[in-house]
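Subject: Structure handover

Hello,

Here is the structure I promised to pass on. Please open it first, then read my notes below.

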Amino acid sequence: MKRMEAIKLAAEAAQAQDALLISNIGYPSRELYAAKDRSMNFYMLGSMGLASSIGLGLALGLPARRVIVLDGDGSVLMNLGTLATIAHYAPENYLLVILDNCCYGSTGSQPTCTHLGTDLSVLALAAGVKFVRKVNNLDDLPPALVGRGVVVVKVEPGNASVPVIDLSPDEIIERFMRSIRLAETS
Amino acid sequence: MTGQNDSIKMNPSLAVFRGLKRAEIDFATSVPCVNLQELLDLVGKDPEIIHVPVTREEEGVGLCAGAWMAGQRPALLMQNSGLGNCINALASLDILYGIPLLMVISHRGGLGEPMVGQVPMGRLTAPLLDAMEITHFSPDCTEAEDAVNTAWSLAAASRRPVAVLLGLDFWRGT
């Protein structure tokens, strides 16, 4: 499957679940913005590697709210310790979706170690994450998106032809936090 | 004030902890330092604080950013060696989006440091913070409670990271 197809399904799932959706730096954020922009999307514009950590902080601070993170293989490899921290806290409201295209897709598709056989789902299990799924086909993705823990989704390399996000960092965070506050008070 | 209160007030870890409590810090991430062990114990046992020990300081910056967006008041407790692990995240997450963060930093590598490996980052800590335009305080034991509280207030008001540096003399209670 193409990453854009997976992101569309994840965006639909987030909408249906009224979930906060944190997306990784680079093309994944741009693809999400093009596929389905929502105020409950947090587009990460820097800090490569930290999408899973930002999402975990949100999930721990807002235990009644569902949090889905869209991350990549290169980014998770950069912050592998996150799998151990996720395993230790294992919030029920948290799902990390790793879109594994076996390369650094936003910088010219240089191969990552998952290209050489490193299996992030096995790493997640070894870190102690109890709920780990591996998805290879688009049809198998929607049921995995309602779960918790970690889902590793194998996607093809390549980026969709989508524009850069025309929101400022301030706009992204202010509307994101406003949507959280509105949900909390309603 | 009684002598007993004076001795409690001069406990460095307790002084920092009281500052955290006065600032109503309710979310803390940490990577240990030998000088932080008593403080980490106090934070870990406090039912009002969610304490998340992390594997690397940068991970803590990410967690604290998410927690702040969730409405928490976050602090990162670490050694100054960990500041080097955080630079990009402090700049391209906290400063970029305007996310406040209180950093309580055990500042190794200064006068009296027995470990030679601590010296390079010890000397670079304040210059690195200055280069990033991150305000930092270096209180003594009697000032620590106020300094920690003030540092959080400044972080929240300016929506930036702010650091409290606690050197070897501080932990000796001098």
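In this predicted model, strands E1(B) and E2(B) run parallel and are joined by 4 bridges. Ser30(B) has Pro53(B) in E2(B) as its bridge partner. How does the chain get from E1(B) to E2(B)? It goes through helix H3 of chain B, residues 37-45, and this β-α-β crossover is right-handed.

E1(B) also pairs with strand E3 of chain B, residues 74-79. That pairing is parallel too, again with 4 bridges. Here Ala28(B) stands opposite Ala75(B).

Is E1(B) covered or open on its faces? Strand E1(B) spans residues 27-30, and both of its faces are covered. Phe27(B) and Thr29(B) are buried on one side. Ala28(B) and Ser30(B) are buried on the other. The general rule behind this is that side chains in a regular strand alternate between the two faces of the sheet.

Chain B as a whole

Chain B has 8 helices and 6 strands. Along the sequence they follow the pattern α-α-β-α-β-α-β-α-β-α-β-α-β-α. The radius of gyration is 15 Å, and the globule rule gives 16 Å for 174 residues, so chain B is as compact as a globular protein of that length. Its C-alpha atoms fill a box of roughly 45 × 40 × 25 Å along the principal axes. Buried residues account for 51% of the chain. Take the contacts in chain B between residues at least 6 apart in sequence: 74% of them join residues at least 24 apart.

Two other places in chain B deserve a look. The first is helix H2(B), residues 12-22. Its buried residues include Pro12(B), Ala15(B), Val16(B), Phe17(B) and Leu20(B). After H2(B) comes Glu24(B), with a positive phi near 60 degrees.

The second is Glu133(B). This residue is not a glycine, yet its phi is positive, near 55 degrees. Glu133(B) sits in the loop between helix H6 (119-131) and strand E5 (136-137) of chain B. Why does Glu133(B) count as exposed? Because Glu133(B) has 9 C-beta neighbours inside 10 Å, and the cut-off for exposed is 12 or fewer.

Chain A

Chain A has 8 helices and 8 strands. Its radius of gyration is 15 Å, which agrees with the value near 16 Å for a compact globule of 186 residues. The C-alpha trace spans about 45 × 35 × 30 Å along its principal axes. Buried residues make up 48% of chain A. Of its contacts between residues at least 6 apart in sequence, 71% join residues at least 24 apart.

Look next at the sheet in chain A. It is open and has 6 strands, in the order E2-E1-E3-E4-E8-E7, with parallel pairing. Its edge strands are E2(A), residues 41-43, and E7(A), residues 132-135, each pairing on one side only. From one strand to the next, the twist averages 15 degrees.

Within that sheet, E4(A) (residues 94-100) and E8(A) (residues 149-154) pair in the parallel sense over 6 bridges. Asp100(A) stands opposite Lys154(A) in E8(A). Helix H1(A), residues 3-17, lies across E1, E3, E4 and E8 of chain A. H1(A) runs at about 170 degrees to E3(A).

Cys102(A) follows in the loop between E4 and strand E5 (103-104) of chain A. Its phi is positive, about 65 degrees, although Cys102(A) is not a glycine. Is Cys102(A) buried or exposed? Cys102(A) counts as buried, because it has 20 C-beta neighbours inside 10 Å and the cut-off for buried is 20 or more.

Where the chains meet

How many residues of each chain are in contact with the other? There are 25 from chain B and 25 from chain A. On the chain B side, strand E2 (50-53), helix H4 (57-69) and helix H5 (87-97) each supply at least two residues. H4(B) gives the largest share, 9 residues. By type, the chain B side divides into 14 nonpolar, 8 polar and 3 charged residues.

Over to you.

Conventions:
Residues are numbered from 1 along each chain as its sequence is written. Chains are lettered from A and ligands numbered from 1 in the order in which they are written. This is a predicted model: local features need pLDDT of at least 70, side-chain atom pairs count only at pLDDT 80 or more; totals for chains, interfaces and linings use all residues. Two residues are in contact if their C-beta atoms, placed from the backbone, lie within 7 Å. Ala, Val, Leu, Ile, Met, Phe, Trp, Tyr, Cys and Pro count as nonpolar, Asp, Glu, Lys and Arg as charged, and the others, Gly among them, as polar. The radius of gyration is taken over C-alpha atoms; the globule rule is 2.2 Å times the number of residues to the power 0.38. Two strands pair if DSSP finds at least two bridges between them. Axes are lines fitted to C-alpha atoms, for helices over the stretch in contact, and angles run from 0 to 180 degrees between N-to-C directions. A crossover is right-handed if, with the strands pointing away from the viewer, the path from the first strand over the helix to the second runs clockwise.
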